[in-house]
Amino acid sequence: MNKQNVIVFLPAYNEEESIGEVIRGIPRNFHHDAEVRVLVINDGSTDQTVQVAKEAGADYIVSFERNQGLGAAVRAGLRECFAHGADIAVMIDADGEYPANQIPDLLQPIFSGEADYTMGSRFLGTIKGMKIHRRLGNYCFTFLQSLLLKEWIYDGQSGMRAFSRQALEHAEIIHDYNYAQVITLNLVRKGFRVKEVPIQYQVRSKGESFITFRGYLSSVLPAIIKEMKRPVQRVKIDYSAHVISQTSIAKNRQMITIEE
């Protein structure tokens with residue numbers, strides 16, 4: 001098969017202290033059937049985020065003139081990945097909390113034909129340093145998401161996800177503040193298969209998150225209600241579009257082990 005064009009995109013707002021390290025940590029040659037490029041969505045940063053990203057090796061940078069919100073940045077990331085011909089898009093936060101070296105793990109269920117959309121799960125892996133109020137908020141909103149989908153989810157707010165090309169094409173984010181709940185509700189309701197992958201998470205040590213519990217209550221809850229009321233059409237999905245043979249995967253793992 002032809003090589004899979006994988007684009008890793010990072011929504012970023014004033015992340016000069018961490019984005020360079022994240023970009024340099026993205027595996028570029030983890031599989032001989034995958035070609036990896038990096039896209040940064042600069043959400044109106046006022047610091048040196050763009051310059052640091054360029055120096056770290058970002059292939060594409062798209063900048064907003066003003067800050068529009070994480071939901072808008074992720075929406076733009078999905079759109080730009082599709083326009084650049086991505087077979088698979090991977091989203092990872094620019095703050096360094098999520099392990100870039102586990103991107104191959106996130107892609108594995110798509111390469112094996114098990115899923116069309118994957119999420120890195122902090123609660124299936126390890127989670128260090130998250131404050132109790134954030135954990136409780138995560139539990140509550142993830143539980144609500146599971147009830148609405150009638151499918152158990154462990155980490156509905158993860159900032160590390162991967163999308164097949166069809167998922168890229170059909171994903172809709174209906175508000176600008178955030179994306180986490182509505183995009184999963186949207187894709188699963190359209191028939192896309194979701195799978196969670198355990199990841200090793202540690203709380204950010206640089207910068208500050210703008211996401212707040214109050215913001216979730218005022219912005220995300222209304223968006224969840226709106227999304228669930230919207231009619232959606234199920235998509236005819238090509239489940240074999242990104243499958244790489246297990247033999248190929250096994251050989252590549254052996255090559256990586258030898259190189260290490």
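**Notes on a predicted model: helices, sheet and loops**

1. Start with helix α7. This helix is mostly covered: 10 of its 10 residues are buried. The buried residues include Ala180, Val182, Ile183, Leu185, Leu187 and Val188. Polar names are also among them: Gln181, Thr184, Asn186 and Arg189 are buried in α7. Keep in mind throughout that the model is predicted.

2. Where does α7 lie? Helix α7 spans residues 180-189 and lies across β5, β6 and β7. It runs at about 30 degrees to β6. Just after the helix comes glycine 191, with a positive phi of about 100 degrees.

3. Now the whole chain. The protein chain has 9 helices and 7 strands. Of its 260 residues, 53% are buried. The accessible surface comes to about 12,400 Å², and carbon and sulfur atoms hold 50% of that. Consider the contacts with a separation of 6 or more: residues 24 or more positions apart account for 78% of them.

4. How far can each part be trusted? The mean pLDDT of the chain is 88, and 87% of the residues reach 70 or more. Residues 253-260 are another matter: their pLDDT is below 50. Beyond near neighbours in sequence, that stretch has 3 contacts in the model.

5. Next, the sheet. It is open, with 7 strands and mixed pairing. Trace the order on the structure: β3-β2-β1-β4-β6-β5-β7. The edge strands are β3 (60-63) and β7 (194-202), and each pairs on one side only. From one strand to the next, the twist averages 20 degrees. As background, strands of a sheet pair through backbone hydrogen bonds, either parallel or antiparallel.

6. Strand β5 shows both senses of pairing. β5 covers residues 117-128 and runs parallel to β7, with 8 bridges joining the two. With β6, β5 pairs in the antiparallel sense over 3 bridges. Tyrosine 117 is a good residue to find here. Its bridge partner in β6 is phenylalanine 163. In β7, the bridge partner of tyrosine 117 is valine 194. Further along, threonine 126 stands opposite glutamine 200 in β7.

7. Which strands does helix α3 lie across? Helix α3 (residues 70-83) lies across β1 (4-12), β2 (34-42), β3, β4 (88-92) and β6 (160-164). Its direction is about 160 degrees to β1.

8. Look at the loop between β4 and α4 (103-111), where aspartate 93 lies. Is aspartate 93 buried or exposed? Its relative accessibility is 16%, so aspartate 93 counts as buried. Leaving out residues up to four places away in sequence, aspartate 93 touches Leu10, Val22, Tyr98 and Gly159.

9. Two loop residues deserve a check of phi. The background is simple: most residues other than glycine have a negative phi. Asparagine 14 has a positive phi near 55 degrees. Asparagine 14 sits in the loop between β1 and α1 (19-24). With a relative accessible area of 27%, asparagine 14 is partly exposed. Lysine 150 also has a positive phi, about 55 degrees, and is not a glycine. Lysine 150 is in the loop between α5 (132-149) and β6. Its relative accessible area is 79%, so lysine 150 is exposed.

10. Finish with the aromatic rings. The count comes to 4 aromatic pairs. A pair of rings is described by the distance of the centres and the angle of the planes. Take tryptophan 152 and tyrosine 154: their centres are 6.3 Å apart, with 85 degrees between the planes. Why is this pair called edge-to-face? Planes over 60 degrees apart count as edge-to-face, so 85 degrees qualifies. How well covered are these two residues? Tryptophan 152 is exposed, with a relative accessible area of 54%. Tyrosine 154, at 41%, counts as partly exposed. Phe143 joins Trp152 and Tyr154 in one aromatic cluster.

Key
Residues numbered from 1 in each chain as written. Predicted model: local features only at pLDDT ≥ 70, side-chain atom pairs only at ≥ 80, totals over all residues. Heavy atoms only, no water. Pairing = 2+ DSSP bridges. Helix = DSSP H or I, 4+ residues; strand = E, 2+ residues; numbered from the N terminus. Axes fitted to C-alpha atoms, helices over the stretch in contact; angles between N-to-C directions. Contact = heavy atoms within 4.5 Å. pLDDT = per-residue confidence, 0-100. Buried < 20%, exposed > 50% of the residue type's maximum accessible area, 1.4 Å probe, protein only. Areas by Shrake-Rupley, 256 points an atom, 1.4 Å probe, with all protein chains shown as cover. Phe/Tyr/Trp six-rings, centres within 6.5 Å; stacked < 30°, edge-to-face > 60°.
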